[in-house]
Amino acid sequence: MSAPAQQRIIFKHIDEPGYTNDIECYLRNGGYEVLKKSVGRKPEELIDEVKKSGLRGRGGAGFPCGVKWGLVDRKSGKPIYLIVNADESEPGTFKDRYIMHQDPHQLIEGTIISCFANNVKQAYIYIRGEMPEGARILEKAIAEARAKNFVGPNILGTGYSCEIYVHRGAGAYICGEETGLIESLEGKRANPRIKPPYFPAVLGLYQCPTIVNNVETLCHVKYIAEHGGEAYSKIGTPGNTGTRIFCVSGHVQRPGYYEFPAGTITMGQLLNDVCGGPLPGRTFKAVIPGGSSAKVLKFGERYKGKRKVGADMVDYDWGVEDVPMDFDSLAMIGSMGGSGGVIVMDDTVNMVEALANINAFYSHESCGQCTPCREGSLWMKKISSRMVHGDARPQDGALLKSVADQIPGRTICAFGEACSWPTQSFIIKFKDEFDAYSEVKKTLPADRRVLV
Amino acid sequence: MNLKPETFQRIDEVITHYPVKRSATLPLLHLIQEDAGYISEEAITWIAAKLELQPINVLEVVTFYPMFRRAPIGRRHIKVCRTLSCALSGGYKTCETFEKEFCTHRGEISPDGEVTVEFVECLASCGTAPVVLIDETLHEKVDVTKAKQLSDQIKAEAKARK
């Protein structure tokens, strides 16, 4: 079966010839019309639309957006803040960058609609420090929107006021974790907070109720406000509604970003039909389906079990190519859809060296507050780098896995899981390669591609 | 603190964005680093006084975030992405090329003072790997040939200045 057609609702104007990121172009394309209509509606109505839509957050965890909004403490009398999580940094993910660079007003419109729905008077866009150009574009776009009265005091004469400021990070991956982000926005080290009690919906920024939503999620909200939650829920599949943007990188012919109705495309269709298959003369070996912390999938392995289709339970027997690319199917086979970052590795890649690369990333990015994560991520890096650059031993795989097994569930935030999943999955699925590395290494060409 | 007048202006403006002054720590560090090139001891005490904090509150932020530096760097900052997708596409070769072109080593200032070459973690442009951020501009698909071209450009600009 060939791949379904792309349905670009969020990336509609990305790479469109002649489309520019200024407000005039956005207005020519119907920009801010949804906001104009939305501010005439009841905020509760908008929240209901989002609940009906089934929209799941696009930052990585896939938490239902409507539920997140429903948890916000509205009785405390404290101001409610909204933070746009634009700290896109999960390796393999590169979708928000294009929204902010090429269509920033879509994000601003979605943000103001979400603020209006939740009675938020102050929003911050937390953009990663490595995107200085993106920050400048957003600041200019906000100024343009303010000049047209879409942002700022008394928006469109409704009496509703909302301000947006851009806040730049400074190179720390952990700021993508929502409570770490909040600490960072408060001017501190981005050490994530412990939940309970620090659920952002109750005790977030400045100990006030706070909503943290991903860039793409807020663009979906704009679409939902325009077309209604029910229409949105008909895109995709039940439980995985709307569209999903896949960022494909690594060893395929056509890496890039592709938007499809959620759950309608399989891994095989995405990699072979859409991305043109493996590079000439090579074959696929492994793929990480949802950002580098997602557990790796090995080509050739089978996934079997029962799943719900409508009201029935049916058997499934999938190869990697057959797996539908939605949150639930990927979770069912032991990995995750995460942020949509698909990293492909072909038969030229040595898995020990690939893991050493990933481990170097996580040890660099651990915030250091929980011992199992700080020490564990560092030792996983040291062991895997030693295997590559020093002496490798047959028992190193087992040693690595024993370190990884001691981290998850013992840390304040999900980074503990994120840093251990690659090691656990690489070693379970490519055990032979780890066991034999000390010998194989001697035969590998000295001028091979360096991964760490 | 010796800064450009517009930096002082932007500092005063950005503090108003937050109900709590401490939130302006990162923005102030960015502004001062952009102006002065790095974060000096003086800058830390100055920011602390400005935001009514203790110097340790600022120092702990400087040491946590990789983008802040305590010492000057070369005239241009070349940041090569090191993470998986870029490495799979030859990111290490790209970094090596820059090092060779400027006779330098990662993390050091080149002997001519023109550049500091560095490895950084994922720059979120994995589809166009390998990528390199030179100062504030992202360069995509930087293979060895393109790395040499970019180096030549930087060298030519340096020559024109002299």
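Helices (H or I, at least four residues) and strands (E, at least two) are DSSP runs, numbered from the N terminus. The exercises below use a predicted model.

**Exercise 1. Place the cis peptide bonds**

Task: In which loop does B:P130 lie, and what is the omega of the peptide bond from B:A129 to B:P130? Then treat A:P197 in the same way.

Solution:
- Start with the location. B:P130 sits in the loop between β2 and β3 of chain B.
- Read the bond before B:P130. From B:A129 to B:P130 the peptide bond is cis, with omega near -10°.
- Turn to chain A. The bond from A:P196 to A:P197 is cis, and its omega is near 5°.
- Locate A:P197. The loop between α8 (178-185) and α9 (200-203) of chain A holds this residue.
- Set this against the general rule. Most peptide bonds are trans.

**Exercise 2. Build the sheet of chain B**

Task: What is the strand order of the open sheet in chain B, and which strands form its edges?

Solution:
- Write the order. The open sheet has 4 strands, arranged β2-β1-β3-β4 in chain B, and the pairing is mixed.
- Find the edges. In chain B, β2 (115-120) and β4 (137-139) each pair on one side only.
- Add the twist. From one strand to the next it averages 20°.
- Place the helix. Helix α6 (residues 91-101) of chain B packs on the sheet and touches β1, β2 and β3 of chain B. Its direction makes about 160° with that of β1(B).
- Inspect one pair. In chain B, β1 (residues 76-81) and β3 (residues 132-134) run antiparallel and share 3 bridges.
- Pick a residue in register. B:K79 stands opposite B:L133 in β3(B).
- Recall what joins such strands. Backbone hydrogen bonds pair the strands of a sheet, in parallel or antiparallel fashion.

**Exercise 3. Judge two positive phi values**

Task: Are A:D15 and B:D135 buried or exposed? Give the phi and the location of each.

Solution:
- Recall the rule. Most residues other than glycine have a negative phi.
- Take A:D15. Its phi is positive, about 65°, although A:D15 is not a glycine.
- Locate A:D15. It belongs to the segment before α1 (23-28) of chain A.
- Apply the cut-off: 12 or fewer other C-beta atoms within 10 Å make a residue exposed.
- Count for A:D15. It has 11 C-beta neighbours inside 10 Å, so A:D15 is exposed.
- Take B:D135. Its phi is near 50°, again positive in a residue other than glycine.
- Locate B:D135. The loop between β3 and β4 of chain B contains it.
- Count for B:D135. It has 10 C-beta neighbours inside 10 Å, so B:D135 is exposed.

Note on methods: Residues numbered from 1 in each chain as written. Chains lettered and ligands numbered in written order. Predicted model: local features only at pLDDT ≥ 70, side-chain atom pairs only at ≥ 80, totals over all residues. Pairing = 2+ DSSP bridges. Axes fitted to C-alpha atoms, helices over the stretch in contact; angles between N-to-C directions. Contact = placed C-beta atoms within 7 Å. Buried ≥ 20, exposed ≤ 12 C-beta atoms within 10 Å, placed from the backbone.
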